[in-house]
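Got your viewer open and a selection box ready? Here's a short walk through one helix, a crossing partner and one side stop.

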Amino acid sequence: MGFYKSKLNSYSKSMSFSQKQLDETRKRIIEQKHMEIEELRKSLQLSRRAGLDGYDNSEYDDERNAYQVATQEIGFISVMDTPSFYSYMASVENYTLSQIEDKAFTDMANNIKTMGKYKSQKGLVGKASALFGVDKKMIAKTSKMLDDNNLTADVSQEARKEWQSMTPEEQAVYIAARFEIDKKTSFDRRGFENYKTLYAQKKAEKSDEIEMGR
């Protein structure tokens with residue numbers, strides 16, 4: 001049982017959803033998104049003032065982009081009927097998983113390249129590491145990051161396949177329950193990270209069992 005099915009199983013123990021309840025939850029999700037946009041607007045004002053006072057404006061740029069995306073989104077989901085709304089939310093979930101997967105592979109490639117430089121002591125990074133004797137530590141650190149990249153790629157791939165295998169009804173119930181129980185209007189990043197940890201533990205246990213059986 002993967003990330004989504006395990007969450008659905010957990011949600012089903014707390015509540016069930018009828019079509020009427022799905023519609024009511026849709027309205028509450030939209031209301032919550034309106035509130036989140038208002039919070040973004042206030043935060044944007046504070047970040048802008050900080051930027052004018054000479055602080056780094058990168059945070060302001062990120063918040064401004066998030067505000068613009070959220071404002072555009074609320075404009076069209078507010079007029080969607082219930083099936084269209086959950087279909088849209090399902091597509092956003094799939095897109096988010098794809099983005100996580102793509103970033104994991106990009107980070108993986110960058111870390112492999114960095115590790116290669118440390119091991120061969122080529123380039124500015126490698127020469128600096130050799131000069132100060134930190135190459136072994138940095139190789140270990142990069143290796144750990146690479147392991148996490150691999151784990152993220154594996155789990156996001158598995159989760160995306162599982163998500164795509166679910167029926168529209170299952171996806172709608174998951175999205176509604178995620179809001180009603182976990183109070184989230186978008187991707188459950190904390191839940192995903194927690195599942196990653198459990199996934200890694202189970203994988204390690206299985207590997208140990210294989211080793212012991214030899």
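A quick note before you click: the axes here are lines fitted to C-alpha atoms, for helices over the stretch in contact, and angles run from 0 to 180 degrees between N-to-C directions. Keep in mind, too, that this is a predicted model.

Start by selecting residues 168–182, which make up helix H7. From its first C-alpha to its last, this 15-residue helix reaches 20 Å, close to the 21 Å expected at 1.5 Å a residue. Now colour the buried residues of H7: Gln171, Ala172, Tyr174, Ile175, Ala176, Ala177, Arg178, Phe179 and Glu180. Step just past the helix and you land on Lys183, which has a positive phi, near 60°.

Next, add residues 82–120, helix H4, to the view. At what angle do the axes of H4 and H7 cross? Roughly 85°, and the axes come within 9 Å. Angles of 65 to 115 degrees count as roughly perpendicular, so H4 is roughly perpendicular to H7. Show side chains for the contact: H4 brings Tyr86, Met89, Ala90 and Glu93, while H7 brings Gln171, Ala172, Tyr174, Ile175, Ala176 and Arg178. Sorted by class, that contact has seven nonpolar, one polar and two charged residues.

Last stop: pick Thr142, in helix H6 (residues 135–165). Is Thr142 buried or exposed? It's buried, with a relative accessible area of 4%. Leave aside its neighbours within four places in sequence, and Thr142 is in contact with Asn111, Thr114, Met115 and Tyr118.

Definitions and conventions: Residues are numbered from 1 along each chain as its sequence is written. This is a predicted model: local features need pLDDT of at least 70, side-chain atom pairs count only at pLDDT 80 or more; totals for chains, interfaces and linings use all residues. Side-chain values use heavy atoms; hydrogens and water are left out. Helices (H or I, at least four residues) and strands (E, at least two) are DSSP runs, numbered from the N terminus. The expected span of a helix is 1.5 Å times one less than its number of residues. Buried means under 20% relative accessible area, exposed over 50%, partly exposed in between (1.4 Å probe, protein chains only). Angles under 35 degrees count as roughly parallel, over 145 as roughly antiparallel, 65 to 115 as roughly perpendicular and the rest as oblique. Contact means heavy atoms within 4.5 Å. Ala, Val, Leu, Ile, Met, Phe, Trp, Tyr, Cys and Pro count as nonpolar, Asp, Glu, Lys and Arg as charged, and the others, Gly among them, as polar.
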